[in-house]
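Visitor: Could you walk me through one part of this structure up close, at the level of side chains and helix packing? I'd like to see how the pieces there are held against each other, and then how that spot fits with the rest.

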Amino acid sequence: MGIVIASTGKALPEFKLENEQLSKLVDTNSQWIIDRTGIETRHIAIKETGLDLAVKAAEEAMGDMDKDSIELILVATVTPDMLVPSMGALVKKTLGLKNAIAYDINAACSGFIYGLWNAEALMKTHKIKRALIIGVERLTRITNWEDRGTCVLFGDGSGCAVLEHSDSKKGIMSSFVKNYDDVTNCLTVDMQYLNTPFADDEPKEPYIHMNGTQVFRFAVGAIGEVMDAVLQKAGIKADDVKYYVPHQANVRIIQSAAQRIKQPIEKFQVSIRTTGNVSAASIPMALADLMKSGKVRPGDKIMLVGFGGGLSAGAILFEAI
Ligand SMILES: CC(C)(COP(=O)(O)OP(=O)(O)OC[C@H]1O[C@@H](n2cnc3c(N)ncnc32)[C@H](O)[C@@H]1OP(=O)(O)O)[C@@H](O)C(=O)NCCC(=O)NCCS
């Protein structure tokens, strides 16, 4: 009858970087970071590869599921360990998921939402039984540690959801994604390619460049638009949604989203305090936190909502099983 979110998992690197330590790198202080972002600490992958994190999150989500039943792996990331093979292909090989089609998606911080949007359509069209949707990032490898406007925000980690066909459950009720042109280039990461003997390319900085105020403004507007769209498509009201799992970019953006949709902040999963912004991994990690909290009951309506570079935004509304 529908595509359900059957289980979730997450993985964080061992090393934690506290706000206090950042004030030794750049001109900042812990109170500023907490007040302006809600972040107290974040995890940094030192020993772990992105693949290590993705595999750990996937193993937790899969539990003792039959590996041969996984027929699709979509990995959302802007920081793959390698360009080829894709992270999806690496996860497939490492976990021995021999029946899976695997590839990556780049929709920046909206990547996990785009992954679910793709997976739902593919699973319905191709009668795929089970899929792994993973968000994984090592954003701290593309962070400029001399830029106080960005280096306090980001962290590393991975989250995973297993999607399943169900004959009796509704699962995903509605979904909506949208791209907006980044006309002012307010959120970019350059690629540094090797020079060839035939071209003399300017060196580029492969770091996150961001105009925080512009991104903030975009986020609040886009979140409102995509939240309204999924509610309308499903024919329900914001009050009918039990929990909201937003992208974890800034606690003030989450508060604005709650105000915009006239819902109490208590309905919103807030995990950013201990993780920072982990781009495509933020929503699946926060979803795993909500699922582990023991609060969710079968039939509860949950909305995932994200925004990010591209610019991109999207939301998924589903019923818990
Ligand atoms: C980045 C962000 C936290 C900055 O907060 P803000 O309230 O907009 O702050 P501003 O950029 O206006 O800066 C205010 C002041 O704080 C300073 N400041 C910036 N970063 C600072 C830091 N880490 N520590 C101390 N001061 C800092 C600025 O230099 C500025 O100083 P000035 O007034 O003397 O010029 C906020 O804009 C944000 O979260 N934006 C969205 C980012 C986002 O979501 N990105 C990911 C997209 S997926």
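Guide: Let's start with the term we need: a salt bridge here is a side-chain nitrogen of Lys or Arg within 4 Å of a carboxyl oxygen of Asp or Glu. Keep in mind that this is a predicted model.

The spot I'd zoom in on is the pair Arg260 and Asp228, which form a salt bridge with their closest N and O atoms 2.9 Å apart. Arg260 belongs to helix α8 (residues 251-260) and Asp228 to helix α7 (residues 212-234), so the pair links distant parts of the chain, 32 residues apart. Is this pair buried or exposed? Neither label fits: Arg260 has a relative accessible area of 37%, so it counts as partly exposed, and Asp228, at 32%, is partly exposed too.

Now pull back a little to the two helices. α7 and α8 pack at an angle of about 40°, and their axes are 10 Å apart. That angle makes α7 oblique to α8, because angles under 35 degrees would count as roughly parallel and 65 to 115 as roughly perpendicular. The crossing of α7 past α8 is right-handed. On the α7 side, the contact is made by Phe216, Ala219, Val220, Ile223, Gly224, Glu225, Met227 and Asp228, and on the α8 side by Arg252, Ile253, Ser256, Ala257 and Arg260. Note that Asp228 and Arg260, our salt-bridge partners, are both in that contact list.

For a second helix pair to set beside it, try α3 and α4. Their axes are 10 Å apart and the packing angle is about 60°, which makes α3 oblique to α4. This crossing is right-handed as well. Gly50, Leu51, Ala54, Val55, Ala58, Glu59 and Met62 of α3 meet Met87, Leu90, Val91, Thr94 and Leu95 of α4.

The loops that follow those two helices have a link of their own. Lys98 and Asp68 form a salt bridge, with the closest N and O atoms 2.9 Å apart. Lys98 sits in the loop between α4 (87-95) and β5 (101-105), and Asp68 in the loop between α3 (50-62) and β4 (70-76), so the pair ties together parts that are 30 residues apart in sequence. Lys98 counts as exposed because its relative accessibility is 56%, while Asp68, at 32%, counts as partly exposed.

A salt bridge can also stay inside one helix. Glu120 and Lys124 meet in one, 2.9 Å from N to O, and both lie in helix α5, four residues apart, about one turn of the helix. An α-helix has 3.6 residues a turn, so residues three or four places apart point the same way. Glu120 is buried at 12% relative accessible area, whereas Lys124 is partly exposed at 42%. Glu120 has buried company in α5, including Phe112, Ile113, Tyr114, Leu116, Ala119 and Met123.

As a geometry check on α5, its 16 residues (111-126) should span 22 Å at 1.5 Å a residue, and the end C-alpha atoms are 22 Å apart, so the two agree. Right after α5 comes Lys127, which has a positive phi, near 50°.

And for the whole picture, a search of the structure turns up 13 salt bridges. Elsewhere, Lys170, Lys301 and Glu319 are linked in a network of them.

Terms used
Residues are numbered from 1 along each chain as its sequence is written. This is a predicted model: local features need pLDDT of at least 70, side-chain atom pairs count only at pLDDT 80 or more; totals for chains, interfaces and linings use all residues. Side-chain values use heavy atoms; hydrogens and water are left out. The expected span of a helix is 1.5 Å times one less than its number of residues. Buried means under 20% relative accessible area, exposed over 50%, partly exposed in between (1.4 Å probe, protein chains only). Axes are lines fitted to C-alpha atoms, for helices over the stretch in contact, and angles run from 0 to 180 degrees between N-to-C directions. Angles under 35 degrees count as roughly parallel, over 145 as roughly antiparallel, 65 to 115 as roughly perpendicular and the rest as oblique. A crossing is left-handed if the near helix is turned anticlockwise from the far one by less than a right angle, and right-handed if clockwise. Contact means heavy atoms within 4.5 Å.
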